[in-house]
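Let's take a walk through this one together. Have the sequence and the coordinates open while you read.

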Amino acid sequence: MTKEEFTKMKQELEAEYLAIFKKTVAMHEVFLCRVAAHPVLRKDLNFHVFLEYNQDLSVRGKNKKEKLEDFFKNVVKSADGVLVGGVKDVDDFFEHEKTFLLEYHNRVKDASAKCDRMIRSHKSASDDINRIASSLYTLGTQDSTDLCKFFLKVSELFEKTRKIEARVAADEDLKLADLLKYYLRESQAAKDLLYRRSRALVDYENANKALDKARAKNRDVLQAETSQQLSCHKFEKISESAKQELIDFKTRRVSAFRKNLVELAELELKHAKGNLQLLQSCVGILKGNT
Amino acid sequence: MSDRARDPPPERTDFEELEDADDLFPEPAATEESGPASLTAEDISTNSNGPKQDSQFDEDPEDLFAEATEEVSLDSPERDVLLSDGPSPAITPITPPTSVITPCLGHDDMFTHSSFDEIEEEEGGDLFDMHIAVSDPEKVGDGMNAYMAYKVTTKTPMSMFKRGEFSVKRRFSDFLGLHSKLASKYLHIGYIVPPAPEKSIVGMTKVKVGKEDQSSNEFVEKRRSALERYLMRTVKHPVLRKDPDVMQFLESSDLPRAVNTQALSSAGLLRMVNKAADAVNKMTIKMNESDAWFEEKQQHFENLDVQLRKLHASVESLVCHRKELSVNTAQFAKSAAMLGNSEDHTALSRALSQLAEVEEKIDQLHQDQANADFYLFSELLGDYVRLITAVKGVFDHRMKTWQKWQDSQMLLQKKREAEAKLQFTNKPDKLQQAKDEIKEEIEELDAKVQQGERDFEQISKTIRKEVSRFEKERVKDFKTIIIKYLESLVQTQQQMIKYWEAFLPEARAIS
C-alpha cells in the first residue's frame, strides 16, 4: 500500500470512529437526561452516586449465571404476557394505549430495520465513490494528454464529495436510525409496563375471587381481605403511575421526534448545499479549462 | 484505376518533384505514378478508398513535417488526389467525384497550418455534421423468432447522400454485420474500427419471450443507446464514414440479412477458431521493434486498459449500490408512512407522512442518478475498454504484417542461396532450366518482399494517424461526458435541497 492510500485509510477509520463515538455519546446523554427528568427516578441513590462519584465505579458485568437467569425470566414473562394480554381492560385509556402501543411498536421495528438498510446502501455507495476517486487519480497520473489534469481535478472532487456523503450517512444514522431504535426500545418498555399492570390487575381480580370464596366458606377471611386490599392498592398505584408514564411517553416521543427530524433536515440541507457548491465550482473550473 | 491516377497531368509533376526530393521509394521516379496506384490496387482486396489518400501524403514516416515546408505544393496534389482517387470504383451508385470534393475545396484557405495532423483534423472537423439517432425500438415477430427493430435516423448536410434526412429500420444483427464487414476491410490495414455492442443471449431471450417488465425495458434501452453510440463513433471516423457499406447501411431500406453474425452459425465457429489461432500466433511472434513510438504506445494502451477496467468495475458497483439505495429508500418511505398513520399525535403524524413523501421523492432521485451514473459514466468506460481492445488488435495486425514481410524475406534469402548453389553444380543440362525457374521465383519473392515492406510501412503510418485521432477523440469524449455527469450530480443535489427545504417547516411545526 502506498503512503497516500495509507493516510487515506487512516483518515477514513478516524472519521468512522468519530461517527460511532458521536452516536454512543448521544445515546448516553439521552438516557441520563431521561432519568434526571423523571420525578421519581431522579431521586434514586444509585443515580446520584453515578453522577457524583469521581472515581471508578467498577461495575461488574453480568456473569453467565445471571445471563441465563435473565433469559429464563424473559421466556416466562412472554408466556405470561400472552395469558394476561387476553384480559380485556375496563379502563378505556389503557385499552386504547395497549392497542396503540402494540401497533406502534411493530411499525417502529419495521421502520428501524428499513432505515438501517438504507443507511448501509448509502455507506457502500460512498465507498464506491472512494474507489472511483483513487482510480481516477491513478489514471490522471498516468495519462500524458490533457486529460491528466482533468482526471486529477475530478478525482479530488470525488474525494471531497465522498466525505460529505459519508457524513450524510452518519448523520442520518445518528438522527433518524437511532431515534427509531430508541423508540423501539421505549415502546417495548411501555409494553412491559402495561404488562405489569395487567399482571397486577389479574392478581387483584384473583384476590377478589379468593376473598369471595373465603367469605363464603367463612375461613381465613381476614387473610384474604388483607391480601385483597394489598393487591387492590398495588393495582391502583400502578394504574396511576402507568397513566402518568404513558402520557409522558407521548410528550417525550413527540418532542424527541421533532428535535431529531428538524436536526436531520437541517443537516441534510447543510450537506447538500456543501456538495452542490463543490460540484458547481469543479464544473466551472473544468468547463473553463476546456 | 491507373488511368484515373494519371488524369490531371500538371499536378502529377508537382507530385513527382516531391517524390524525388524525398527519394523514398527505391524504384525510379517514372514508376512512381503507378506505384501508389498499384499499391492501392493490391492493398485493398475489397472495395474501399480509404488508404489511397494516405499513401500519397505520408512518404516519410519519420519526417512528418517534411510536407509542412512544402505546404503550398501539397495543396494541389492533395486536392487532386482526392479528385482522382476520391471515390473508389466501388461507389458506383453514388454521384461523381466532385461531390466528395466540394466540401474540401471550400476549405482551401484553412490549409495553411504547418502540422499535417491539423489538416486532417480541420478536414474532419468541418466535414463532420452528421447526426445519427437510434430510436423507437419495436418488437417484430413472435416467440423465439422475434427481434427488435430499431429506427436509424440520419441527418446530414453532406451531399454524398441522396437526401439530407432519412431513416431506416434495422435490427441488431444488421449492426453486427456492418461491423464485421468494416473489420474485414479495415482492421488489417491499421484502422481502428469501433467495436459493435455485445450480444446478450439472456437479455434477448427475455425480450423474445415477451415479458414487458422493467429489466427487459432496461435491456432494450441499454442496447438502443449502445447502438446509437456505435454508429456515431463509426461515422466520426473520416475514412469509415465514406465507406459504401456504411452508406448502404444508413440509407437503403432493404439490407441483406447478415446471417454470419449468429453465434451458432458456421461463420461463428470459424471466427472462434480464428481467434484461437490468432492468440497462439501472438505468443509466437517476437517482433524486434525498431520504432520506440510503437512500443511506448502499446505500453500506454496496456496501462490504460487496466486502469479503465478497474474504474469501470467501481462505477458499475456504484450503479448497483445506488439502485439498492433507491429501493431501500422507497421501502423506508412506505414504512415511515405506516408509522405516521399509527401515530396519534396529529402534528407528528403529519410530519412523518411528509418525511415519507420526501424519502419517496429522494428514492426517485437516486434512481435517476443511478441511471445517469450508468448511461453516462459506466457506458463510456465500457465503450473505451472495448475500443482499446480494437486498438490492441490493430497493433497485432501490424505485427502480423511484419511477420509476413520477414517470412517472405527469409524465403527470398533461401531462394537466393539456392540460386548461388546452383551456380556451382555440375549438371549443365538441368542448369539453365533450374536457373530460370529460380530466377523467376526470386523475382516474385523480391516483389513480395517489397510489397511486404510497403505494407508494413503503410500500416505503421496508418496506425500513427489513427492513434493520434483516437487520443484526441478520447480526450474530447471523456471531457464532455464527465462534465455532463458532474452536471447531473449538481442537479441531484439541487433537487435534494429543494425537498429538504420543503420538509423543514413541517418538522418545525410539530408542537
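What follows starts with the overall form of chain A, then turns to its surface and to the cysteines.

Keep in mind that this is a predicted model. Chain A is built from helices: there are six of them and zero strands, so reading along the sequence gives you α-α-α-α-α-α. Don't picture a ball, though. A compact globule of 290 residues would have a radius of gyration near 19 Å, whereas chain A comes out at 29 Å. The C-alpha trace spans about 105 × 45 × 30 Å along its principal axes.

How does that play out in contacts and burial? Of the contacts in chain A between residues at least 6 apart in sequence, 78% link residues at least 24 apart. As for burial, 38% of the 290 residues of chain A count as buried. The chain exposes about 17600 Å², with carbon and sulfur atoms supplying 59% of that area.

Now zoom in on one bit of that surface. Leu45(A), Val49(A), Phe50(A), Leu51(A), Tyr53(A), Leu57(A) and Val59(A) together make a nonpolar patch of about 710 Å². One of them, Leu57(A), sits in the loop between helix H2 (45-52) and helix H3 (64-85) of chain A. Leu57(A) is partly exposed because its relative accessible area is 32%, which falls between the 20% and 50% cut-offs.

Finally, the cysteines. How many disulfides are there over all chains? The count is zero, which means that no pair of cysteine sulfur atoms comes within 2.5 Å. Cys115(A) is buried, at 0% relative accessible area, while Cys320(B) is partly exposed, at 44%.

Methods:
Residues are numbered from 1 along each chain as its sequence is written. Chains are lettered from A and ligands numbered from 1 in the order in which they are written. This is a predicted model: local features need pLDDT of at least 70, side-chain atom pairs count only at pLDDT 80 or more; totals for chains, interfaces and linings use all residues. Side-chain values use heavy atoms; hydrogens and water are left out. Buried means under 20% relative accessible area, exposed over 50%, partly exposed in between (1.4 Å probe, protein chains only). Patches are made of residues with over 30% relative accessible area and no salt bridge: like charges are joined within 9 Å, nonpolar side chains (Val, Leu, Ile, Met, Phe, Trp, Tyr) within 5 Å. Accessible areas come from the Shrake-Rupley method with a 1.4 Å probe; for residues, only the protein chains shown count as cover. A salt bridge is a side-chain nitrogen of Lys or Arg within 4 Å of a carboxyl oxygen of Asp or Glu. Helices (H or I, at least four residues) and strands (E, at least two) are DSSP runs, numbered from the N terminus. The radius of gyration is taken over C-alpha atoms; the globule rule is 2.2 Å times the number of residues to the power 0.38. Contact means heavy atoms within 4.5 Å.
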